[in-house]
Amino acid sequence: MSSSKALITGRDITKVFGYGKNKTTALDDVNFVFHEGEIVSIVGESGSGKTTLAKIIMGLLKETAGTIEYKGKPRLLKNHSQRREYWKDIQAIFQDPFSSFNMFHKVEKLLKDCIRLQGLKLSADEQFRKMQEACTFVNLKFEELYNKYPFELSGGQMQRLMIARIFMLHPKVLIADEPTSMVDACSRSTILDMLLKLRDENNMTIIFITHDVGLAYYVSDTLYIMEKGNVIESGRADEIILNPQHRYTQQLIADVPKIHSAWDLS
Ligand SMILES: Nc1ncnc2c1ncn2[C@@H]1O[C@H](COP(=O)(O)OP(=O)(O)OP(=O)(O)O)[C@@H](O)[C@H]1O
Ligand SMILES: [Mg+2]
């Protein structure tokens, strides 16, 4: 993947929350390069700074220090039009789907907003077909759901609705923060397959955030291993799994015996 173009680069990203005794350094000089079409997993235990990093990349949180470059230029999010342009390209799915939707908007409006965000002028028929197609992609039936509020859907349906929105928006980069946390193992592999299909069809870059190093290995080209606000190891997924350098990474891998058995790497 290193031969493809660098899309997002983070240099010495630091994030400190609070002051004095309540100070938490959530990220401590983190560096990264994500390439076009690459699937990157960020793996680390709870509290290691994964969601903080995702929010900084999204521009939802301001870094305390460091710079982010997008397509080789400093990322600017100072005004409405800069933010709009950036968010056209970069979308996220967060751990908690409840926080990702406006609960007062019905499914139809949530999907129509995707058409509006892209500035597309479509007839009512064309809009209907686009929304239906997106729902079909994630195995939801638009006719059954369009008139419902998000809180009337199951956790798994909500997560699939989030992917339907990604299907409609086709961003260049998707940050998926534990997108399978609310679904069973069967739906989990379906959701992962949907994301991989989106990558294959749109050359989308996917930044996948998880505790699960086995899952990360299964889906990604590149791994970033985080511990206590630091990236302690990064590189090609297979190289890290076969030859982890850091003690913490070795421990993570040792805790997942199935990596060795199921993928025949031992
Ligand atoms: N808004 C905030 N205010 C203060 N501290 C915060 C805030 N958000 C995160 N933190 C702290 O920053 C650290 C990193 O949190 P973060 O949510 O990034 O971890 P994470 O790796 O996503 O964990 P998890 O796997 O549990 O989701 C934690 O110590 C957390 O308590
Ligand atoms: Mg998190």
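**Note on the salt bridges**

1. Lys62, Glu63 and Arg75 are joined in a network of salt bridges. The model is a predicted one, and it holds eleven salt bridges.

2. Within this network, Arg75 pairs with Glu63, and their closest N and O atoms are 3.7 Å apart. The two residues are twelve apart and link distant parts of the chain. Arg75 sits in the loop between strand 5 (73-74) and helix 2 (80-89), while Glu63 sits in the loop between helix 1 (50-58) and strand 4 (65-70).

3. Both partners fall under the 20% cut-off for buried residues. Arg75 has a relative accessible area of 14%, and Glu63 has a relative accessibility of 13%.

4. A salt bridge also joins the side chains of Lys71 and Asp89, with an N to O distance of 3.7 Å. Lys71 belongs to the loop between strand 4 and strand 5 and Asp89 to helix 2, so this pair ties together parts that are 18 residues apart in sequence.

5. How accessible is Lys71, and how accessible is Asp89? Lys71 is partly exposed, at 45% relative accessible area, whereas Asp89 is buried, at 14%.

6. Glu239 and Arg236 form another salt bridge, in which the closest N and O atoms lie 3.9 Å apart. The cut-off for a salt bridge is 4 Å, so this pair counts as one. Glu239 is partly exposed at 46% relative accessibility, and Arg236 is likewise partly exposed at 46%.

Terms used
Residues numbered from 1 in each chain as written. Chains lettered and ligands numbered in written order. Predicted model: local features only at pLDDT ≥ 70, side-chain atom pairs only at ≥ 80, totals over all residues. Heavy atoms only, no water. Helix = DSSP H or I, 4+ residues; strand = E, 2+ residues; numbered from the N terminus. Buried < 20%, exposed > 50% of the residue type's maximum accessible area, 1.4 Å probe, protein only.
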